[in-house]
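This report covers salt bridges and one pocket. The chain is shown first.

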Amino acid sequence: MTKKQAIQLFEEKKVRTVWDDEQEKWYFSIVDVCYVLTDSKDALTARKYWNKLKQRLKEEGNETVTNCHQLKMRAADGKMRLTDVADTEQLFRLIQSIPSPKAEPFKLWMAQVASQRLDQMQDPELSIDQAIIDYKHLGYSDAWINQRVKSIEVRKELTDEWKRTGVKEGLEYASLTDIITREWSGFTTKQYKHHKGLKKENLRDNMTNLEIALNILAEASATEISKQRDPKGYNAQTQVAKEGGSVAKAARKQLESKLGRSVISKSKASDYLLPENAEKEESK
């Protein structure tokens, strides 16, 4: 089961969500929903409200509470913690137990969130449009966003090519990515993130324009080489990955000789985003 976490905003308040690819549904943090609907002064107050409500509903034999489960979500301190979650249908029922003038607007918002995701699955361009909006909200420059969106397109073409040639998703995709990254940058993905002082953040979201450009060149080269040679399976693709990365490595070396410095930067998103947006990025 593949899950993707996302922060949704309702009236400028964060609601942590997880999209489940297998079941094609959103799961919402119940504490965050209580925070929104009850106008709690902080997360601790919202958590206490939910604990009392949950206990009361359990005593009443409410099946919705019984069927709720937990997923790991990123807490305010940056750590992944088990959090009570509910899918859209369960949350609609729970909201009925929370007296709030925001209940109906929140239900409409939930339905919109679910609808947007299903639309995006049918039309990938909508996902890109949403990514652009999200990056702008975080404070990235238009030039950086254009590069990042192009990198998403190039990456998708590469993974489609891997799938066509029999590479298995998961570990094999990750291994080929490491080969490409190590070949052009000198770092595996894990080493690269360590170089930038990253932990669980997305490496590509923390690359500079030059780093993204070189990564695009490496992955696009690997894709074209694969299309020409038509290798079959993971083992054959490892050589293609290395050769694709070497194209970007040659470009990096040539550029560095002109600049007199390395283009592999320690800079990360929080170093160049607007201060108020950097704080939002780090708190995700």
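## A buried acid and its partner

Asp 84 has a relative accessible area of 14% in this predicted model, and because the cut-off for buried is under 20%, Asp 84 counts as buried. Its side chain meets that of Lys 54 in a salt bridge, with 2.7 Å from N to O.

The two partners come from distant parts of the chain, 30 residues apart. Lys 54 belongs to helix H2, residues 43-59, whereas Asp 84 sits in strand S5, residues 80-87. The bridge thus ties a helix residue to a strand residue.

## Bridges within helices

Helix H4, residues 88-95, holds both Arg 93 and Glu 89. Their side chains form a salt bridge at 2.8 Å, N to O. Because Arg 93 and Glu 89 are 4 residues apart in the helix, about one helical turn separates them. Arg 93 is partly exposed, at 45% relative accessible area, and Glu 89 is also partly exposed, at 49%.

In helix H7, residues 142-164, Lys 156 and Asp 160 are likewise placed 4 residues apart, about one turn of the helix. The salt bridge between their side chains spans 2.9 Å from N to O. Lys 156 has a relative accessible area of 48% and is partly exposed; for Asp 160 the value is 38%, again partly exposed.

## Network and total count

Some bridges join into a network: Glu 161, Arg 164, Asp 230 and Lys 232 are linked in this way. Over the whole structure, the search finds 20 salt bridges. Among them are the pair Lys 54 and Asp 84, the pair Arg 93 and Glu 89, and the pair Lys 156 and Asp 160.

## The second largest pocket

Rolling a probe the size of a water molecule over the atoms reveals where space is left empty. The second largest pocket holds about 260 Å³ of space. Two helices, H8 (171-185) and H9 (189-196), each contribute at least two residues to its lining.

By class, the lining of this pocket comprises 2 nonpolar, 5 polar and 4 charged residues. The nonpolar residues are Leu 203 and Met 207. The charged ones are Lys 193, Lys 200, Glu 201 and Arg 204. Thr 177, Thr 181, Thr 189, Asn 202 and Asn 215 make up the polar part of the lining.

Conventions: Residues are numbered from 1 along each chain as its sequence is written. This is a predicted model: local features need pLDDT of at least 70, side-chain atom pairs count only at pLDDT 80 or more; totals for chains, interfaces and linings use all residues. Side-chain values use heavy atoms; hydrogens and water are left out. On a 1 Å grid over the protein atoms alone, a cavity is a set of points where a 1.4 Å probe fits but cannot get out, and a pocket is an open set with protein on both sides within 12 Å along at least five of seven lines; lining residues have an atom within 4 Å of a point. Grid points are joined across faces, edges and corners, and a volume is the space filled by probe spheres set on the points. A salt bridge is a side-chain nitrogen of Lys or Arg within 4 Å of a carboxyl oxygen of Asp or Glu. Buried means under 20% relative accessible area, exposed over 50%, partly exposed in between (1.4 Å probe, protein chains only).
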